[in-house]
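Let's take a look at a strand arrangement and at a pocket. The chain and its model come up next.

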Amino acid sequence: MLSFKQMALNAEVIALLQRVRLPTEDLDPVSTTFCGMWEDEMLCGVIAIEPYHDVGLLRSLAVSPAFRGRGQGEVLVGKAEELARRVGVEELYLLTVSSSTLFERCGFAHVARDAVPVSIRETRQFSGLCPATCAVMRKRI
């Protein structure tokens with residue numbers, strides 16, 4: 001049975017993100033809040049938010065390969081939205097190379113890079129880690 005809990009950045013999270021080839025070098029343990037998905041004692045998925053007042057950056061969605069194809073990514077996105085609402089975030093932004101379809105199913109829409117708030121554009125993920133060809137998406141929550 002799967003369980004979910006809010007968690008801080010730790011070595012287990014970093015290992016999962018690296019295993020699925022997501023950036024970890026800019027993760028800030030103070031400003032980034034994770035939601036972990038667990039089966040028994042095993043971390044099998046994570047997602048994070050970085051709030052910037054009433055907007056936030058959704059990032060680091062990772063599901064272990066053995067748990068893919070079961071809709072767990074969508075569940076994790078919903079958990080991140082709950083976290084974001086609790087801290088006053090009204091809009092979530094994200095960058096993705098390969099998961100646009102998943103995020104569209106979750107209600108995100110494509111936006112132009114120049115339509116993104118400055119606080120999000122100034123993040124390391126937006127300004128340098130993710131290529132300019134990444135899809136930029138937004139959702140009001």
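Two strands count as paired if DSSP finds at least two bridges between them. With that in mind, here is a stroll through this predicted model.

**The strands around β3**

Strand β3 covers residues 42-52, and eight of its 11 residues are buried. Strand β3 pairs with β2 (residues 33-39) in the antiparallel sense, and β3 also pairs in the antiparallel sense with β4 (residues 55-63). The table sets out the two hairpins.

| Hairpin | Bridges | A bridge pair | Residues between the strands | Positive phi |
|---|---|---|---|---|
| β2 and β3 | seven | Glu39 and Met42 | two | Asp40, near 55° |
| β3 and β4 | seven | Pro51 and Gly56 | two | His53, near 65° |

In the β3 and β4 hairpin, then, His53 is the residue to look for if you want the positive phi near 65°. In the β2 and β3 hairpin, look for Asp40, with a positive phi near 55°.

**The largest pocket**

Strand β4 leads us on to the pocket. The largest pocket has a volume of about 690 Å³. It is lined by 32 residues, and Leu22, Leu61, Thr96, Ser98 and Ser99 are the closest to its centre. Two or more lining residues come from each of β4, α2 (72-86), β5 (91-96), α3 (100-105) and α5 (124-129).

Which element gives the largest share of the lining of the largest pocket? That is β4, with six residues. As for chemical character, the lining of the largest pocket divides into 17 nonpolar, nine polar and six charged residues.

Notes:
Residues numbered from 1 in each chain as written. Predicted model: local features only at pLDDT ≥ 70, side-chain atom pairs only at ≥ 80, totals over all residues. Heavy atoms only, no water. Buried < 20%, exposed > 50% of the residue type's maximum accessible area, 1.4 Å probe, protein only. Helix = DSSP H or I, 4+ residues; strand = E, 2+ residues; numbered from the N terminus. 1 Å grid on protein atoms, 1.4 Å probe; cavity = no way out; pocket = protein on both sides within 12 Å on 5 of 7 lines; lining within 4 Å. Points joined across faces, edges and corners; volume = space filled by probe spheres on them. Nonpolar A, V, L, I, M, F, W, Y, C, P; charged D, E, K, R; others polar.
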